[in-house]
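Q: I would like to learn how to read features from a structure like this one. Please show it to me, and then we can go through it step by step.

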Amino acid sequence: MPELPEVETIVRGLDKRVAGDTVESVWIGSKPQPLKSPASVIARALEGKRIARVRRAGKHIVFELEAEAHPAQWIVHLGMTGRMVVSESAAEVVKHTHLIAKLASGRELRFIDPRMFGKLSVVTAGFDPGGVEPLEVTEERFIALFHGRKTPIKCALLNQKLLRGVGNIYADESLFRAGIRPRRRASTITRAQFSKLHRALREVLRKAIALGGSSISDYVDADGSEGFFQFQHRVYGREGEPCLVCKSPIRRIVLAGRSSHYCATCQR
DNA sequence: ATACCGACCTGTCAGC
DNA sequence: TGCTGACAGGTCGGTA
């Protein structure tokens with residue numbers, strides 16, 4: 001489900017609501033799939049801990065847990081369908097709820113994930129998912145990331161070891177805005193085009209964050225509110241519909257196993 | 001290194 | 001009213 005703008009929206013909501021709150025107890029469901037760390041490790045790391053703050057690293061949610069001796073971080077990756085919401089304890093526990101952390105304030109932090117592609121873990125060393133943040137990377141650094149790579153530019157954009165946080169929607173949308181086809185080999189793209197792509201990607205991500213992300217089917221923020229960037233999509237999910245610039249039908253191909261949408265006229 | 005592919009799961013929707 | 005297949009914001013591991 002969630003790419004950088006969605007995770008950023010969720011993290012801002014979580015930080016506003018649970019930073020400074022303390023985890024009193026943790027319930028973890030019996031489905032083992034969403035856990036990278038053992039359930040007992042996660043429960044022990046959370047229980048009794050104050051959440052100093054919540055931040056984002058790529059598509060990961062990072063809960064900074066306070067501790068005198070060994071500060072730890074609770075890392076949550078939402079996968080495709082994961083949700084992290086703050087609920088009143090009286091609220092109905094929906095199907096596919098895998099973890100509930102009861103907070104001192106009386107509210108609950110709930111992790112819900114129907115497809116169970118999400119991952120929960122606890123780390124004590126500094127968490128580093130690798131890759132650079134697209135909203136922080138300079139143009140020079142951005143261009144250098146792709147230097148000499150023969151892989152299609154879209155595959156490179158999705159590679160979290162290069163850039164962290166870009167997913168299928170924002171890769172397609174930024175490539176459209178930069179006028180580059182998803183299959184173009186990175187090594188054949190000019191500096192001027194990379195410069196355009198760098199700008200387009202940052203603009204798309206910033207605008208999406210401003211609109212609370214894209215809600216396609218089930219994405220909601222920490223409040224349960226939907227985003228609005230889906231109404232700004234120019235190619236994603238628009239196969240067969242006319243290009244908003246030139247009216248050619250938007251094409252859909254499969255690249256790296258993912259649907260990829262582009263305009264054959266506007267993108268080269 | 002790099003590519004493609006299936007696997008991991010459940011849910012939804014279109015078509016028959 | 002089924003049933004079947006395609007598809008879904010992500011990542012990982014195996015294979016050429």
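Q: What covers the buried residues of α5?

A: Some terms come before the case. Helices (H or I, at least four residues) and strands (E, at least two) are DSSP runs, numbered from the N terminus. Buried means under 20% relative accessible area, exposed means over 50%, and partly exposed is in between (1.4 Å probe, protein chains only). Contact means heavy atoms within 4.5 Å. Here, the cover over the buried residues of α5 includes α1, α4, α6 (191–210) and β10 (258–262). Because 10 of the 11 residues of α5 are buried, α5 is largely enclosed by the rest of the structure. Among the buried ones are N168, Y170, D172 and F176. After α5 comes G179, with a positive phi near 75 degrees.

Q: What kind of model is this, and how are residues and chains labelled?

A: This is a predicted model, in which local features need pLDDT of at least 70 and side-chain atom pairs count only at pLDDT 80 or more, while totals for chains, interfaces and linings use all residues. Residues are numbered from 1 along each chain as its sequence is written, chains are lettered from A and ligands numbered from 1 in the order in which they are written, and side-chain values use heavy atoms, with hydrogens and water left out.

Q: With which residue does D172 form a salt bridge?

A: Side chains of opposite charge can pair when their charged atoms come close. The criterion for a salt bridge is a side-chain nitrogen of Lys or Arg within 4 Å of a carboxyl oxygen of Asp or Glu. D172 pairs with K154, and their closest N and O atoms are 2.7 Å apart. This pair links distant parts of the chain, with D172 in helix α5 and K154 in helix α4, 18 residues apart. D172 and K154 are both buried.

Q: Which side chain makes a polar contact with the side chain of S260?

A: A polar contact is a pair of N or O atoms within 3.5 Å; within protein, one must be able to donate a hydrogen and the other to accept it, and residues adjacent in sequence count only if both atoms are side-chain atoms. The partner is the side chain of K154, at 2.9 Å. S260 lies in strand β10 and counts as buried because its relative accessibility is 0%. A polar atom of the S260 side chain is also 3.3 Å from the backbone oxygen of R258. Leaving out residues up to four places away in sequence, S260 touches several others, including K154, D172 and P182.

Q: How many salt bridges does the structure hold?

A: The structure holds 15. One of them joins the side chains of K102 and E108, at 2.7 Å from N to O. K102 is partly exposed, at 39%, whereas E108 is buried, at 4%. Another joins R164 and D128, whose closest N and O atoms are 3.9 Å apart. R164 is in the loop between α4 (153–158) and α5 (168–178), and D128 is in the loop between β8 (119–123) and α3 (139–145), 36 residues apart. R164 is buried at 16%, but D128 is exposed at 59%. A network of salt bridges links E8, R12, R56, D128, E133 and R164.

Q: How many residues has the largest nonpolar core?

A: A nonpolar core is a set of buried Ala, Val, Leu, Ile, Met, Phe, Trp, Tyr and Cys residues joined through side-chain atoms within 4.5 Å. The largest has 33 residues, and those with the most contacts inside it are L14, I61, F63, W74, M84 and L109. Helix α1 (residues 4–18) supplies the largest share of this core, five residues. A second, separate core has 31 residues, among them F142, I153, A156 and L157.

Q: Which residues surround DNA strand B?

A: A residue is near a strand if one of its heavy atoms lies within 4 Å of it. DNA strand B is surrounded by residues including K95, P114, R149 and R185. Of the strand B atoms that come within 4 Å of the protein, 56% belong to sugar and phosphate. The side chains of K95 and R149 each place an N or O atom 3.2 Å from a phosphate oxygen of the strand. A backbone N or O atom of P114 is 3.4 Å from a sugar or linking oxygen of strand B.
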